[in-house]
Amino acid sequence: MVRGINASAGIGIGTVAIVGDQQVAYTPFQPEDPAAEVKRFENALSEFSAKTFAMAEELRKKAGEKEAEILMGHAVLISDPALTEEIKKKINAGMCAEAALEAVLDMFIDMFGATGDELTQQRVTDLKDIKTGMLKTLLHIEDLDLSNLKPDTILVAHDLTPSMTATLNKEHVVGIVTEEGGKTSHSAILARSMEIPAVLSVRGIVSELHNGDQIIVDGIEGAVLIRPSDSQVIAYRKKREAYLEEKRALGKFVGKETRTDDGKRFELFCNIGTSAETAKVLEYDGEGVGLFRTEFLFMDRTQVPSEEEQFEAYRQAAEGMRGRPVIIRTLDIGGDKEIPYLGLEKEENPFLGYRAIRFCLKRKDLFRAQLRALLRASAFGDIRIMLPLVTCVEEVREAKALLADVESTLEQDGIQYKKNVPVGVMIETPAAALIADLLAEEADFFSIGTNDLTQYTMAVDRGNAKVSYLYSAYNPAVLRSIRHIIKTAKEKHIPVGMCGEAASDPHLIPLLIAFGLDEFSVSPAAVLQTRKIIAAWDSKKASEAAQHALELKTEREVAEYLESLY
Ligand code: PEP
Ligand code: MG
């Protein structure tokens with residue numbers, strides 16, 4: 001048995017499929033027979049074109065004409081004689097096909113990259129995609145088709161990118177194991193929302209396993225059993241049944257209000273990544289959406305979703321929630337959420353770099369389209385807008401000024417929208433926590449993003465297994481910060497929620513009750529469990545627990561104390 005981080009609860013028993021590293025490394029060589037090397041290039045070219053046309057056909061069915069056209073464009077572009085002749089020339093001059101391809105495409109990438117306008121930037125993205133695709137074809141690297149997996153598959157990978165996790169066919173995936181990532185990495189968040197058991201940060205697991213191996217993923221304990229014995233399989237089947245039974249028993253909390261034992265009422269919202277997930281929110285009786293991560297709308301595609309497309313998604317979320325609140329966060333990209341077609345440069349410190357609100361305020365063209373789509377959708381439900389990664393008052397003012405400007409264009413165009421849509425601020429940086437009083441003057445509500453607040457307060461990368469021992473909201477520094485943010489919001493009379501993963505941590509619930517949090521936002525699958533735990537607490541007892549926890553000096557003491565309460 002090997003151990004890792006229990007990132008998504010449940011037991012999965014199944015067969016390993018290893019998701020390969022997308023590396024396309026090769027060693028350049030000088031071909032002995034350049035003519036044969038040219039032939040190898042031509043064969044790869046036909047294979048790549050055929051594959052690309054087939055994928056375009058698939059995409060036409062799934063996503064529509066426009067998306068498919070981009071892929072068709074790839075096949076046409078790489079067959080352009082201006083490119084192929086240049087590549088062949090280099091092969092004849094003594095380069096291997098891989099090196100010749102790379103040299104020629106890189107030249108065009110640099111050339112287009114230098115101009116910087118949006119259209120040529122798109123060409124750069126296309127050329128990069130073509131380069132990777134062609135190199136994989138030349139090197140015979142097969143991509144695992146995540147949308148077409150065998151039943152009872154357990155995905156094993158070095159790391160799953162959020163976009164990979166978003167495309168996988170969840171019907172057939174019964175578990176996820178990775179070498180990287182923590183409880184709040186986006187793969188973990190998605191695994192929980194899809195209710196797939198996941199264990200992350202398991203060192204060296206990829207090299208220990210082969211495709212087709214049997215394994216068990218215990219997402220409750222954070223354990224992985226490699227090639228288990230028959231008796232282990234039987235024991236874990238029982239454990240899986242017990243877990244599922246416990247889940248079914250939570251059904252009695254459907255339709256109940258979220259109250260403590262002594263009647264204190266809380267709002268219990270959900271985190272979602274797509275508008276379709278509102279169905280799940282209602283199924284689990286979520287009282288609203290506390291965080292719609294719109295970045296997923298921008299992933300797994302080759303260009304920015306149009307205003308129209310975004311409007312449709314936001315309207316569907318608003319209507320799907322049948323009038324209940326839907327807090328939609330504006331684009332929060334960067335950090336571990338990459339969107340290749342935006343052409344963002346690699347940064348030394350992506351979590352501290354050009355991302356989220358910082359990116360949106362520079363790319364006002366994109367931000368405007370999103371705000372316009374959000375305002376238009378506000379006519380169809382109770383939409384509220386939330387700004388991520390705020391660190392200063394200016395960012396909120398600038399975003400609100402842009403929103404006001406977008407409102408006036410809607411007025412001019414005679415398009416309906418709701419006036420005074422609430423604008424909230426995510427408190428997820430130490431800067432925002434420290435100026436919570438100032439931000440409260442600008443914002444209609446707060447939502448505490450403990451995933452990032454923990455990362456930035458503790459100066460610990462939320463996905464780095466080596467320092468994950470520091471990544472805990474039980475650290476006195478993080479607890480004090482949370483208490484301060486809630487207290488400030490109360491003093492300033494604005495509502496305060498929490499949409500980070502800490503909101504569904506059973507151990508923290510008494511503290512959040514005591515601090516006076518107004519709204520918990522958790523994954524749909526965690527709603528009933530959270531409601532059950534809140535119902536089990538009495539406000540007075542919760543206050544005593546919070547007071548004691550805040551007197552403790554170390555993370556370990558806090559963890560042990562909170563655990564002892566159960
Ligand atoms: C957070 O940081 O707590 C949060 C909810 O946002 P994300 O996990 O998407 O960064
Ligand atoms: Mg965040």
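**A walk through a two-sheet model**

Let me begin with the span from residue 249 to residue 536, whose end C-alpha atoms lie 15 Å apart, and which is 40% helix and 13% strand. I start there because the UniProt record, in an unreviewed entry, places the feature "domain: PEP-utilising enzyme C-terminal" at residues 249-536. Please keep in mind throughout that what you have in front of you is a predicted model.

Let us turn to the barrel. Here 8 strands close up in the order E9-E10-E11-E12-E13-E14-E15-E16, and the pairing is parallel. From one strand to the next, the twist averages 30 degrees. To see one pairing in detail, take strand E11, residues 325-329, and strand E12, residues 382-387, which pair in the parallel sense over 5 bridges; in that pairing, Pro325 stands opposite Asp382 in E12. Packed on this sheet is helix H13, residues 364-377, which touches E11 and E12 and whose direction makes about 155 degrees with that of E12. Helix H18, residues 476-491, also packs on the sheet, touching strand E13 (423-427), strand E14 (445-448) and strand E15 (496-498), and its direction makes about 170 degrees with that of E14.

Now for the metal. Which protein residues are the donors of the magnesium ion, ligand 2? They are Glu428, through OE, and Asp452, through OD, lying 2.0 to 2.1 Å from the ion. This pair links distant parts of the chain, since Glu428 is in the loop between E13 and helix H15 (430-434), while Asp452 is in helix H17 (residues 450-457), and the two are 24 residues apart. Are these two donors buried or exposed? Glu428 has a relative accessible area of 2% and is therefore buried, and Asp452, with a relative accessible area of 3%, is buried as well.

Helix H17 also holds Asn451, and this residue counts as buried because its relative accessibility is 5%. If we leave aside the neighbours within four places in sequence, Asn451 is in contact with Thr184, Ile189, Arg293, Arg462, Tyr471, Gly500 and Glu501.

Let me move on to the other sheet, which is open and has 8 strands in the order E1-E8-E7-E3-E4-E5-E6-E2, with mixed pairing. Why is one side of E1 and of E2 left without a neighbour in the sheet? Strand E1 (2-3) and strand E2 (5-8) stand at the edges, each with a single partner strand, and so one side of each stays unpaired. Helix H7, residues 186-193, packs on this sheet, where it touches E2, E5 and E6, and its direction makes about 50 degrees with that of E2. Of the strands just named, E5 (residues 173-178) and E6 (residues 198-200) pair in the parallel sense over 2 bridges, and the bridge partner of Val177 in E6 is Val199.

Elsewhere in this sheet we find antiparallel pairs. Strands E3 and E7 pair in the antiparallel sense over 5 bridges, with Ile215 in E7 as the bridge partner of Gly14. Strands E7 and E8 are likewise antiparallel, over 4 bridges, and there Val217 has Val224 in E8 as its bridge partner. The hairpin of E7 and E8 has 4 residues between the strands, and in it Gly222 takes a positive phi near 80 degrees. Lying across strand E3 (11-19), strand E7 (214-218) and strand E8 (223-226) is helix H9, residues 230-249, which runs at about 115 degrees to E3. Strand E7 itself is mostly covered, with 4 of its 5 residues buried.

One more position deserves a look, namely Asp143, which lies in the loop between helix H5 (118-138) and strand E4 (153-157). Although Asp143 and Gly20 are 123 residues apart in sequence, their C-alpha atoms are 7.3 Å apart in space. Asp143 counts as partly exposed because its relative accessibility is 44%.

Finally, a word on the cysteines. How many disulfides does the structure hold? The count is 0. Cys392, for example, is in no disulfide, and the nearest cysteine sulfur, that of Cys360, is 14 Å away, whereas a disulfide would need the two sulfur atoms within 2.5 Å. Cys392 has a relative accessibility of 23% and so counts as partly exposed, while Cys96, with a relative accessible area of 1%, is buried.

Definitions and conventions:
Residues are numbered from 1 along each chain as its sequence is written. Chains are lettered from A and ligands numbered from 1 in the order in which they are written. This is a predicted model: local features need pLDDT of at least 70, side-chain atom pairs count only at pLDDT 80 or more; totals for chains, interfaces and linings use all residues. Side-chain values use heavy atoms; hydrogens and water are left out. Buried means under 20% relative accessible area, exposed over 50%, partly exposed in between (1.4 Å probe, protein chains only). Two strands pair if DSSP finds at least two bridges between them. Axes are lines fitted to C-alpha atoms, for helices over the stretch in contact, and angles run from 0 to 180 degrees between N-to-C directions. Contact means heavy atoms within 4.5 Å. Donors are N, O and S atoms within 2.8 Å of the metal (3.2 Å for Na, K and Ca); water is not among the atoms, so sites may look incomplete. UniProt positions are given in the numbering used here, feature names are shortened, and annotations may be inferred rather than shown by experiment.
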